[in-house]
Amino acid sequence: MEKNTVYGKSIIGGSEVGIISVDDMDTSVVHETNSLFWDTKGNDVLGATSLPLYGAFVSEEKCQLFGDVSGKKILEIGCGSGQSLQYLGERKASELWGMDISENQLEKTKQHLTEFGLSAKLICSPMEEECGIPEDYFDFVYSVYAIGWTTDLEGTFRRIASYLKKDGVFIFSWSHPIHKCVAAQDNMLVFKKTYFDESWYSLSLGGSTLTLSDRKLSTYVNALAKAGFVIEQMIEESDDEIMQSGANSAFAKKAEMLPVTFVFKARKL
């Protein structure tokens with residue numbers, strides 16, 4: 001696993017950097033702030049997480065959540081630089097679609113896929129908003145470390161459900177909320193914030209700003225249920241083999257004690 005990827009997941013953990021509360025949140029301002037972050041500093045500060053990795057210490061190669069994607073229509077929410085779309089395109093998906101809030105990221109995706117003889121239909125939009133994606137169309141919708149950026153989780157899940165065919169599959173990963181509450185300090189793990197706090201906050205990183213909220217696992221579960229999904233699998237265990245590759249890092253040692261990444265696989269009813 002690349003060093004910047006591990007570091008990025010630690011930063012997304014929130015409590016290890018300064019936090020500024022966001023009062024009276026304006027979603028358009030949040031979208032503008034986060035879009036600018038990914039247009040400029042995002043990859044340099046947080047790195048990139050892409051399949052076969054779902055995040056720190058969890059991989060598709062071990063979990064096999066997708067199975068055979070040959071001939072399948074696939075949409076990625078938050079496609080970043082295109083590596084995950086490449087991974088699935090090389091496994092013979094019939095159609096690749098990608099959405100991202102950043103024009104710069106979409107340009108990187110286009111360039112990256114072209115280098116590998118692949119193409120995708122790319123759309124620049126916040127994931128919460130209507131943007132012309134066809135309904136009842138996709139076999140898979142997935143997101144690797146992007147869903148947590150949404151300002152409207154329930155609305156986003158409803159949209160994703162509308163994109164999927166009946167029995168279509170939604171797979172997504174994000175930083176585990178307990179990871180966001182606990183920090184390493186003097187060779188101990190200590191709680192730095194309450195698990196139940198879902199308020200929005202801003203971080204200043206690398207001369208740029210991003211805005212996020214930490215959500216409880218129950219918030220994701222309930223939003224999936226309201227959108228008409230049934231959960232087939234949840235993964236929060238760290239992969240021992242991947243952890244061994246970073247065994248000397250404080251982040252890997254933390255992952256031995258508590259989950260730092262979670263993945264859901266859900267099916268549209």
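## A buried arginine, a surface patch and some salt bridges

Of the contacts in this chain with a separation of 6 or more, 72% are between residues 24 or more positions apart. Keep in mind that this is a predicted model. The chain has 269 residues, and 55% of them are buried. Its secondary structure runs to eleven helices and 14 strands. The accessible surface adds up to about 12,000 Å², with carbon and sulfur atoms supplying 48% of that.

Let's start with Arg215. You'll find Arg215 in the loop that sits between strand E12 (208–213) and helix H9 (217–226). Which side chain of opposite charge is nearest to Arg215? That would be Glu198, but it is 6.0 Å away, and Arg215, though buried, has no salt bridge. The cut-off for a salt bridge is a side-chain nitrogen of Lys or Arg within 4 Å of a carboxyl oxygen of Asp or Glu, so the 6.0 Å to Glu198 doesn't qualify.

What does the side chain of Arg215 reach instead? One partner is the backbone oxygen of Gly148, at 3.4 Å. Another is the backbone oxygen of Thr150, which lies 2.5 Å from a polar atom of the Arg215 side chain. Gly148 and Thr150 also turn up among the residues in contact with Arg215 once its neighbours within four places in sequence are set aside. That list also includes Ile147, Thr151, Asp152 and Leu153, along with Pro177, Glu198, Trp200 and Tyr220.

Now for the salt bridges. In general, side chains of opposite charge can pair when their charged atoms come close. The count for this model is ten salt bridges. Here are three of them, with the N to O distances:

| Positive residue | Negative residue | Distance |
|---|---|---|
| Lys62 | Asp239 | 3.2 Å |
| Lys165 | Asp139 | 3.2 Å |
| Lys166 | Asp167 | 3.8 Å |

Take Lys62 and Asp239, whose closest N and O atoms are 3.2 Å apart. This pair links distant parts of the chain, 177 residues apart: Lys62 is in helix H4 (residues 60–63), while Asp239 is in the loop between E13 and helix H10 (240–245). Is each partner buried or exposed? Asp239 is buried, at 10% relative accessibility, whereas Lys62 is exposed, at 58%.

Next come Lys165 and Asp139, whose side chains meet at 3.2 Å. Lys165 belongs to strand E8 (residues 164–175) and Asp139 to strand E7 (residues 138–144), so their salt bridge ties together parts that are 26 residues apart in sequence. Asp139 counts as buried, with a relative accessible area of 15%, and Lys165 is partly exposed at 30%.

The Lys166 and Asp167 side chains also meet in a salt bridge, at 3.8 Å. Here Lys166 is exposed, with a relative accessible area of 61%, and Asp167 is partly exposed, at 42%. Elsewhere, Lys180, Lys193 and Asp214 are joined into one network by salt bridges that share partners.

Finally, have a look at the surface. Which residues form a nonpolar patch there? They are Val221, Ile231 and Met234, and together they have about 190 Å² of accessible area. Ile231 sits in strand E13 (residues 229–235). Ile231 is partly exposed, with a relative accessible area of 33%. A patch residue needs over 30% relative accessible area, so Ile231 clears that cut-off at 33%.

Key:
Residues are numbered from 1 along each chain as its sequence is written. This is a predicted model: local features need pLDDT of at least 70, side-chain atom pairs count only at pLDDT 80 or more; totals for chains, interfaces and linings use all residues. Side-chain values use heavy atoms; hydrogens and water are left out. Helices (H or I, at least four residues) and strands (E, at least two) are DSSP runs, numbered from the N terminus. Buried means under 20% relative accessible area, exposed over 50%, partly exposed in between (1.4 Å probe, protein chains only). Lys and Arg count as positive and Asp and Glu as negative; His and the chain ends are not counted. A polar contact is a pair of N or O atoms within 3.5 Å; within protein, one must be able to donate a hydrogen and the other to accept it, and residues adjacent in sequence count only if both atoms are side-chain atoms. Contact means heavy atoms within 4.5 Å. Patches are made of residues with over 30% relative accessible area and no salt bridge: like charges are joined within 9 Å, nonpolar side chains (Val, Leu, Ile, Met, Phe, Trp, Tyr) within 5 Å. Accessible areas come from the Shrake-Rupley method with a 1.4 Å probe; for residues, only the protein chains shown count as cover.
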